[in-house]
Amino acid sequence: MNLAIIGTGYVGLPTGVGFAELGHRVVCIDKIPQKIDDLNNGKITLFEDGLEELFDKNRKNGNIRFTTDMSAVRDADFVIIAVGTPPHPVTKEADMKYIHAAADELAQYLSGYTVIATKSTVPVGTGDDVERIIREKNPTARFDAISMPEFLREGFAVHDFFHPDRIVVGTESEQARAKVRELYDVFPDKPNILFVTRKSAELIKYASNAFLAVKIHYINEIADFCERVGANVYDVARGMGLDSRIGNRFLNPGPGYGGSCFPKDTNALAYMARKEGVDLSLVEATIAGNDARKSKMATRILDVVKDIPNPKIAVWGLAFKDGTDDVRESPAVQIISELVSRNADVTAYDPKATETARAILGDAIKYASSAAAAAESADVVAVLTEWPEFKDMDLGKIAKLMRNRNIIDCRNMIDSRQAAENNFVCKGIGK
Ligand code: UGA
């Protein structure tokens, strides 16, 4: 099958590479010439575990190519739109300008029957807009505009691509449904495809992300309660998770959820509901609670050093979670910004996200080349991202480097026995 993918970001690139690996012929289209040059020269433009190897292989064998030229959709049986839908700075509604522009631009090149699938997370009703825009531009085009939301997690995009829990497809067209089946027929383990209406598919994406955000915020609030009453949130989460109706995943307490999806999508869903006069108070409370949590974490860090003159704070982790260099809406970056606004002296280390964080935080903080270097003469280490290397840290060595032995472990990664043996005061979340 000939596949065109518009947008080479965290969704488009792994999706394109994945379908190429499974034997489809893929062309990826992006407006940014530098990105396309890099990709054509074999330089991958984002970090995703396992992606580079598949990218190299399929670029070399010609299964995937890259261009800025939208006319490449001419040969495609299936077009996937995977462009950004950034939040409006004030209203937080999803900005549709890139989706609309893509639909408008591709319309003129359609030849033969084509499925146009929107994979970007888009407000309910966007499929209607895409259809209208294409129809207006090219009244004789034969196509179906369908919704096909993606559920890839950053850092696990390659794994999730090949092992999806489900493929959600919004279309009532039998012809489009047959094309979707053909697209996924190349998977060795045939994925579970759920066909629904276009609007339901668009909402499934928002409803899923908002539900997961609520789940995380719920366990964070339970963690706060555990701290107050002397319970352990891990015991509580384990006990809850054994109930198959609740499930044991996404019950890890932390500094609040971040990333390019949950904050954006909860806000966009809340905006849509408000506009429709529907009460989504649970989602609204989650957004407010999650925002407030970053500031509470900053206070928690500053509290341990409040009696130390000119305290030095070491931060381990800048990415919004491990396995990625992405710092969009990263709790770590937001907590650091709050610390800096309260005049703190911060040195941070992250194995992958130093440069992306530097683009936001600039020289407001110092950057270290290792966790140990960040801890040098610090009065507290704050663990803000769950990179596995922080779990295996030699705390005996770290202790000798520090001025005072405090750890605020917002990801519950530090071995409390090792911390106690090395005379650290170590405070985790919910225990
Ligand atoms: C999320 C969803 O998990 C994907 O299914 C979805 O496709 C994607 O958004 C998207 O809409 O594109 P992602 O943002 O990559 O994926 O990251 P997650 O692994 O879901 O983590 C999001 C945030 O929640 C992170 O800050 C993470 O640290 C936090 N989290 C997650 C917790 O604090 N506790 C948990 O138990 C799980």
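Biologist: Which backbone atom lies 2.7 Å from an oxygen atom of the ligand?

Modeller: In this predicted model, that atom is a polar backbone atom of Glu 154. To read such a pair, look for N or O atoms within 3.5 Å of each other. Phe 320 offers another case, with a backbone N or O atom 3.2 Å from a ligand oxygen. For Leu 251, the distance from a polar backbone atom to an oxygen of the ligand is 3.5 Å.

Biologist: How much of the ligand's accessible area does the protein cover?

Modeller: On its own, the ligand has 710 Å² of accessible area, and the protein covers 92% of that.

Biologist: How many residues surround the ligand, and which are the closest?

Modeller: There are 20, and the closest are Glu 150, Leu 152, Glu 154, Lys 205 and Asn 209. Sorted by class, the shell holds nine nonpolar, eight charged and three polar residues. Helix 8 (198-229) and helix 10 (262-275) each give at least two shell residues. The largest share, three residues, is from helix 8.

Biologist: Why does the ligand's shell lie between two domains?

Modeller: Check who contributes to it. Both domain 1 (2-196) and domain 2 (290-427) give residues to the shell, so it lies between them.

Biologist: Now a sheet, please. In what order do the six strands of the open sheet come?

Modeller: Follow the pairing from one edge to the other. The order is 11-10-9-12-13-14, with parallel pairing. Strand 11 (366-367) and strand 14 (425-427) are the edges, each pairing on one side only. Strand 14 runs parallel to strand 13 (residues 406-409), and three bridges join them. In one bridge, Asn 406 has Val 425 of strand 14 as its partner.

Methods
Residues numbered from 1 in each chain as written. Predicted model: local features only at pLDDT ≥ 70, side-chain atom pairs only at ≥ 80, totals over all residues. Heavy atoms only, no water. Near = heavy atom within 4 Å. Polar contact = N/O pair within 3.5 Å; in protein donor to acceptor, adjacent residues only side chain to side chain. Areas by Shrake-Rupley, 256 points an atom, 1.4 Å probe, with all protein chains shown as cover. Helix = DSSP H or I, 4+ residues; strand = E, 2+ residues; numbered from the N terminus. Nonpolar A, V, L, I, M, F, W, Y, C, P; charged D, E, K, R; others polar. Domains from an automatic or database assignment. Pairing = 2+ DSSP bridges.
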